[in-house]
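Let's take a walk through this structure together, one stop at a time. Have the viewer open and follow along.

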Amino acid sequence: MNPYILATLLFGLGLGTTITFASSHWLLAWMGLEMNTLAIIPLMAQHHHPRAVEATTKYFLTQATAAAMLLFAGTTNAWLTGQWEIQQMTHPLPTTVIILALSLKIGLAPVHSWLPEVLQGFDLTTGLILSTWQKLAPFALLLQVQDTNPTLLIILGLTSTLVGGWGGLNQTQLRKILAYSSIAHLGWMILVLQFSPTLTLLALLTYLIMTSSTFLVFKLNKSTNINTLAISWTKSPALTCLAPLILLSLGGLPPLTGFMPKWLILQELTKQELPCTATLAALTALLSLYFYLRLSYAMTLTMAPNNLPGTTPWRTLPHQLTLPLATSTMLTLLLLPLTPSMTALLSL
């Protein structure tokens, strides 16, 4: 892609997200989301093969549907209450429609089915943008909406954690596994959204770091399915040793960074006298942990068929910068001791 066109599209992507961040008016927030969607569409379709075009079309139709629902709910709220302020949502009908529209935008269950199919059609770089940056603007709106139905958010959160764990069990494509992982992590964030928005923000931050690290590892190894993970040790042995730790951090095992948001969320749910919800969320995390362990096993303890130990593939220089990967990997593995500092910073 022409670098000037790429710079324009990335600028539009950042501008759309920034407008949504800064807006307190539903019409401006909707405009920012539309700019965000229209800027990423050419990036998704830059590889002109049928799978990418199909995934781009699915993504556009899904986002257009969610944006139409959002605009309809904002207009309905203005008609019922006489104002367009995001933080002044008082009527339950437009509030519920807006929560469902934003859930469709980020891929929460039960409106999640587009996300694995869409992510499978893109390369890992575009998938990284879709899994990280594209979650920021809808989450900024979710954090601003007040007086939401707590039962609705708990149902969305538990369904997402269950579907995200259950759906990834029989997958062999890494991008689909990461899509279901994204659904499960978003479910954890939605569970605690109404009780502690700062904790949701902390979980979103750690999710962005861990997902970026995972995508960059797979991109460096040029891995798109489980079978190619088995020969990654001959290409980059040191990275192959670190990759299972990154996956286990995604699963939420101590003493890695991914344990921090799950631990704090379970603690907050228990404080809110929701022990059954906390127990179900913890049990659904075991489903996700299974396929992270499956990827770790395929990467470190198996050998691909017809791969002799003496034959090593050519080790060419990597075509991507390794500094972002090194930084995100260190953050993914070593942030747990800083939990008190991070919670204190977010509570200011």
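This is a predicted model, and a good place to begin is a lysine beside a ring. K262 lies over the face of W188, with 5.3 Å to the ring centre. Both residues lead us onward, so let's follow each in turn.

Start with W188. W188 is among the residues that T161 contacts once neighbours within four places in sequence are set aside; the others are A184, G187 and T284. T161 itself belongs to helix α8, which covers residues 150-167. Is T161 buried or exposed? With a relative accessibility of 1%, T161 counts as buried, because the cut-off for that label is under 20%. Its side chain is not without a polar partner: the side chains of T161 and T284 make a polar contact at 3.4 Å.

Now go back to K262, which is one of the buried residues of α14. The others in that helix are M260, P261, L264, I265, E268 and L269. As a reminder for reading such a list, an α-helix has 3.6 residues a turn, so residues three or four places apart point the same way. Which helices do the buried residues of α14 pack against? They pack against α9 (174-191), α10 (197-221), α13 (237-251), α15 (275-300) and α17 (339-346).

The length of α14 can be checked too. This helix has 13 residues, 259-271, and at 1.5 Å a residue it should span 18 Å; the C-alpha atoms at its ends are 18 Å apart, so the two values agree.

Next, look at the loops on either side of α14. In the loop between α13 and α14 you will find P255, and the peptide bond from P254 to P255 is cis, with omega near 5°. After α14 comes E273, placed in the loop between α14 and α15. E273 is not a glycine, yet its phi is positive, near 60°. At 68% relative accessibility E273 counts as exposed, because exposed means over 50%.

Two further spots echo these backbone features. K222, in the loop between α10 and α11 (226-229), is another non-glycine residue with a positive phi, about 55°. K222 counts as exposed, at 59% relative accessibility. The peptide bond from A109 to P110 is cis, with omega near 5°, and P110 sits in the loop between α4 (92-106) and α5 (114-120).

One last item concerns the aromatic rings: searching the whole structure gives 3 aromatic pairs.

Notes
Residues numbered from 1 in each chain as written. Predicted model: local features only at pLDDT ≥ 70, side-chain atom pairs only at ≥ 80, totals over all residues. Heavy atoms only, no water. Helix = DSSP H or I, 4+ residues; strand = E, 2+ residues; numbered from the N terminus. Buried < 20%, exposed > 50% of the residue type's maximum accessible area, 1.4 Å probe, protein only. Polar contact = N/O pair within 3.5 Å; in protein donor to acceptor, adjacent residues only side chain to side chain. Contact = heavy atoms within 4.5 Å. Expected span 1.5 Å × (residues − 1). Phe/Tyr/Trp six-rings, centres within 6.5 Å; stacked < 30°, edge-to-face > 60°. Lys NZ or Arg CZ within 6 Å of the ring centre and 35° of its normal.
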